[in-house]
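Reader: I should like to learn how to read the helices and sheets of a protein model. May we begin with a helix and what surrounds it?

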Amino acid sequence: KDTRALVAVDLGAESCRVSLLRWVDGVPQHTLVHRIANGPVQREDGLHWPLEQIVQGMEEGLRKAAELVPEGIRSIAVDGWAVDYVRLDRKGEPLAEPFCYRDPRNEAAERALHAKLSPLRMREITGIQQMPLNTLYQLYADKLAGLPPQRWLNLPEYLLARWGAEPVAEFTNATHTQLVETHSHQWSREIFRDAGLSIECAPRIVPPGTLLGKLHGPLASLSAYADTELIAPACHDTASAIAGIAAGGDDWAYISSGTWSLVGALTLEAVNGPTARAENFTNLGGVGGTNCFHKNVNGMWLLKQCQDAWAQQGYTPHIAELLAAAEREPAPAVLLDVDDPDLMRMGEMPRRINRQLAARGAATLPETPESAAPLTSLILHSLAARYAQVLRVVAEETGKDLRRVFIVGGGCQNQLLNRLTAQATGMQVCCGSPESSTLGNFAVQFATLEGEASASSLAFRDEVYHWASRLA
Ligand code: LRH
């Protein structure tokens, strides 16, 4: 048996991490090796991601990992937030820093594209929720800006390619582009054509659990990386996080809680009826041919943005202190619409929240740190109420008798939010791993390396589940 270690890279909007999985007395154990803070950066032409900082940070993590393991490293897989991409020149070098999906250019691109292409028809083809951040609108924004068609890769796949992997579009990540057909799992020629985008620039789609070649380049000269496979896990961090949930049965929903809260349930088929459409639910690829039926609800972004605003005014409480203070507040009389597009934008969050409160005739809060406790309480109560609403629709639309909700991702450490969610939903809250994306990433690597099943089969899902249970 091969007892070398595995490496998982997980790219998050707030932090990017490298984790190691080693065999200790026959038991697989994972540890965080390296973490860098991340966040969108405002450049002259818009909001971007600091690509080189991310790549260098992750490579530093890979070097650290190599030093820790005399047994060597068997494979590396990368997952991360979806939709954003790197445009490449002929040699595969990045042409520019990737845009961040929160850049306002996407909203104009969405309006312009919808003037040409029916959103209803796109929904029929892709089953994807309407959000200006989807890759489709970003590619269209590039086109409107006069950029020539270029090959592109979503971020996790770009990192893999940079380290020697075949350039691909991993299926779970590809679905979030809004350019993939639900029925064929392939790029939609119709949408590419009608949007005037080049299908030749899109990489080949592969299922999660695909071997993409060996690690090459400077890192490969380290002895730990002498013979290391590069693997496409579920490159979409949310699909990875769901794959990392070790739950049997059919009575559970999930909340993948990070910058966003992805609230839904796993199904075997896309759920794309009138209600799913009216409520703007999405159907995204999962591992082993499963379907992630969920809704993007706002998430820790709201709180993080408020914390950034308070920090600018010199107030930087520890999160535990903030939550304790929030818990002492009376329940808010009026809740926020957390999914108001204005609250998805960057900067001035306390002001944005007040604007919404004022528009609805509710009392506003001082935009200074003195309102940190009531504002935190307002955000968490509003999120929990929204989770409950969304989960009711999930139950109706999937026909599932939902009794448990697994909360995974960094947000699951917020015990106050977990309690409020339990109250609002009446469901049993099961707190999963804050590192669920990493666990799912490792589980898919094991299923790929050790399993028998073909990657797009349900049997593969079972193998991933087997490994996720061992890692939980
Ligand atoms: C969460 C996530 C989510 C996407 C968003 C862009 O990190 O991948 O699933 O909708 O980022």
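Author: Please note that this is a predicted model. Let us take helix α3: the elements covering its buried residues include α7 (189-195) and α9 (274-278).

Reader: Which residues of α3 (residues 119-126) are buried?

Author: They are Met122, Arg123 and Thr126. A residue counts as buried here if 20 or more other C-beta atoms lie within 10 Å of its own.

Reader: Why do the buried residues lie on the same side of α3?

Author: In general, an α-helix has 3.6 residues a turn, so residues three or four places apart point the same way. In this case, Met122, Arg123 and Thr126 are the buried residues. They cover an arc of only 100 degrees around the axis, which puts them on the same side of α3. On the other side of the helix, Leu120 and Arg121 are exposed. After α3 comes Gly127, with a positive phi near 70 degrees.

Reader: How should I read a sheet, and what is the order of the strands in the open sheet of 6 strands?

Author: Strands of a sheet pair through backbone hydrogen bonds, either parallel or antiparallel. Here the order is β3-β2-β1-β6-β12-β11, and the pairing is mixed. Strands β3 (27-37) and β11 (210-214) stand at the edges with a single partner strand each, so one side of each has no neighbour in the sheet. On average, neighbouring strands of this sheet are turned by 25 degrees against each other, direction ignored.

Reader: How do β1 and β2 run, parallel or antiparallel?

Author: Strands β1 (residues 5-11) and β2 (residues 15-24) run antiparallel and are joined by 6 bridges. Leu11 stands opposite Cys16 in β2.

How values were computed:
Residues numbered from 1 in each chain as written. Predicted model: local features only at pLDDT ≥ 70, side-chain atom pairs only at ≥ 80, totals over all residues. Pairing = 2+ DSSP bridges. Helix = DSSP H or I, 4+ residues; strand = E, 2+ residues; numbered from the N terminus. Axes fitted to C-alpha atoms, helices over the stretch in contact; angles between N-to-C directions. Buried ≥ 20, exposed ≤ 12 C-beta atoms within 10 Å, placed from the backbone. Arc of directions from axis to C-beta. Contact = placed C-beta atoms within 7 Å.
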